[in-house]
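Me: I am in my first year and would like to take a close look at a single part of this protein, rather than hear a little about everything. Could you pick one residue to begin with and build the picture outwards from there?

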Amino acid sequence: MRRVFVGVVMVLLGAVLDAGAQTTPPATPPSSTAPAAEPAPPRNVLGQRPITVDEAVAFSLENQPNIRARLGDYAAAKFRVDQALAPLLPQLAASVTTSKSQTTVLTTSSILNTKVATPTQRDFGDTFNMQMTLSQLLFDFGKNAASVDSARKLSEVALEDVELQRQLITQSVKQAYTNINFARRLIRVNEQALQRAELNLRSARGFFEVGTRPKSDVTRAEVDVANARVDVIRARNAERVARVALNTAMGIEAATPTDVLDNLVYQPSNMDRAALTADALRRRPELRQARLRAESAEALVRRTFRDFFPDITGSAAIGGIRSTLDEAWSATLSLQWSIFDGGNRIARHREARSNYAAAQARVRATELDIQRDVEQTQITVNEAEERIQAAQKAVESAQENFRLAQGRFDAGVGTILELTDAQLALTVAQNTEAQALADYRIALSNLDRALGLR
């Protein structure tokens, strides 16, 4: 009996250790491979060639640590499902106890008819007890099943959070990419304005030296040159800041010399307004999360309601006692039912019902938020398109006005104020056009996000 029992214990302990080694969560999701060292950035990120916006998005989805963090959260949520399922499976436990003790027992002497203190000792071999217990929950009216259902819904919420993070990262990459191009456009516009201002300054100095223009014209031209240089400095700094934002969104070092392609081009958008809202309600992970949370809350309502019913459990134990391992076994069938607990279960059930009602209301609120996002982004896209067309006409008019003012000033019939006003109007018109193009690209990225697209 002893030999058989010890062999069973050793086999079961080995199985438990093997199962623990197999269920240890990996450091990275199964779908990805964890390299020994940090992956080297691709060649295009190192500045050997400009990257497209699609390449930037793909690289960010692969390397962004926030996405990896969400994947880790999802893996943890899956393990919580296993934890919720565990009480429904058989429970196996082993125990070994032994003790050595001495007590004093008062006995009555038959000869002297008096109380006599008699010491009693128990050795380790006398108290040795080795036991293995197997228990199984037979019926609990669906309590643990409801808990498993709730945990499974929450794990699906964590999975949707991964997709949500991917969409947010994609939106950030597209906007930072556009901001780099916008800053570059402003650099070109302000450098051209600086060149025009320097040319005007040379002309004003020439006219002043021959006595055909006053000193105030030279001073005004110098002020215009200084302002143009300040604008160039600001535009260059904006480009550096936008590059840092893009690199951070892609999950690489902020100082990486990333180069991008110019995407500030106007391409008319074709939107089916009637279908966009329906597509957004189908794709947006936030709505799926809200619905899953409501389903999880509903499962908890079922769980708290079934707490009013009893649990039926069966258990069996086998082992050996004393140093000879004499056989000892037991079989137990138990019913546990908490009749009254001070109203705790009633309060938990009412709390679960309130949470479920709130979760249902949040589903509707999320639907309204998505509809609002879609409508607002469509309006913004249309407004940016109209501003692009108006800005392009304004640039044409400003260019012609500057050309005429330049000719009048060079001919000596125009004033420096007229020339600088025309130059400022041209710079403002070009900046407005660049801003409208950038706003249009950003509005398109916001529309993709509102529709649940990457």
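Reply: Let us begin with Y177, which is buried, because its relative accessible area is 1% and a residue counts as buried under 20%. Please keep in mind throughout that the model is a predicted one. Y177 is found in helix α5, and this helix is the part that we shall follow.

What does Y177 touch, once its neighbours within four places in sequence are left aside? Its contacts are I51, T52, V53 and A56, together with L246, V260, L261 and N263. A further pairing can be followed along the chain, where Y177 and A242 are 65 residues apart, while their C-alpha atoms are separated by 7.5 Å.

Now consider the helix as a whole. Helix α5 takes in residues 143-210, and its length can be checked with a short piece of reasoning. With 68 residues at 1.5 Å a residue, α5 should span 100 Å, and because its end C-alpha atoms are 99 Å apart, the two values agree. Just after α5 comes G211, whose phi is positive, at about 85°.

Two other residues of the helix can be treated in the way we treated Y177. S155 also lies in helix α5, and S155 is buried, because its relative accessible area is 2%. When neighbours within four places in sequence are left aside, S155 is in contact with Y74, A77, K78 and V81. N190 is likewise found in helix α5, and with a relative accessible area of 6% this residue is buried as well. Not counting residues up to four places away in sequence, N190 touches A228, D231, V232 and A235, and also T427 and N431. When you read such lists on a helix, it helps to remember that an α-helix has 3.6 residues a turn, so residues three or four places apart point the same way.

For a contrast with these buried residues, turn to L333, which is found in strand β6, residues 326-336. L333 is exposed, because its relative accessible area is 65%, and the word is used for values over 50%. Together with L138, F139 and F141, L333 makes a nonpolar surface patch of about 410 Å².

Two members of that patch lead on to the aromatic residues, since F139 and F141 form one aromatic cluster with F305, F308 and F309. A search of the whole structure finds five aromatic pairs. In one of them, the rings of F305 and F308 have their centres 6.3 Å apart and their planes at 65°, so the pair is edge-to-face. F305 is partly exposed, with a relative accessible area of 42%, and F308 is partly exposed too, with a relative accessible area of 26%.

Finally, here is the setting in which the helix sits. The secondary structure of the protein comes to ten helices and six strands, and buried residues make up 35% of its 454 residues. Among contacts in the protein with a separation of 6 or more, 81% are between residues 24 or more positions apart. The accessible surface of the protein comes to about 26200 Å², and carbon and sulfur atoms account for 57% of that area.

Methods:
Residues numbered from 1 in each chain as written. Predicted model: local features only at pLDDT ≥ 70, side-chain atom pairs only at ≥ 80, totals over all residues. Heavy atoms only, no water. Helix = DSSP H or I, 4+ residues; strand = E, 2+ residues; numbered from the N terminus. Buried < 20%, exposed > 50% of the residue type's maximum accessible area, 1.4 Å probe, protein only. Contact = heavy atoms within 4.5 Å. Expected span 1.5 Å × (residues − 1). Areas by Shrake-Rupley, 256 points an atom, 1.4 Å probe, with all protein chains shown as cover. Patch = residues over 30% accessible without salt bridge, like charges linked within 9 Å, V, L, I, M, F, W, Y side chains within 5 Å. Salt bridge = Lys/Arg side-chain N within 4 Å of Asp/Glu carboxyl O. Phe/Tyr/Trp six-rings, centres within 6.5 Å; stacked < 30°, edge-to-face > 60°.
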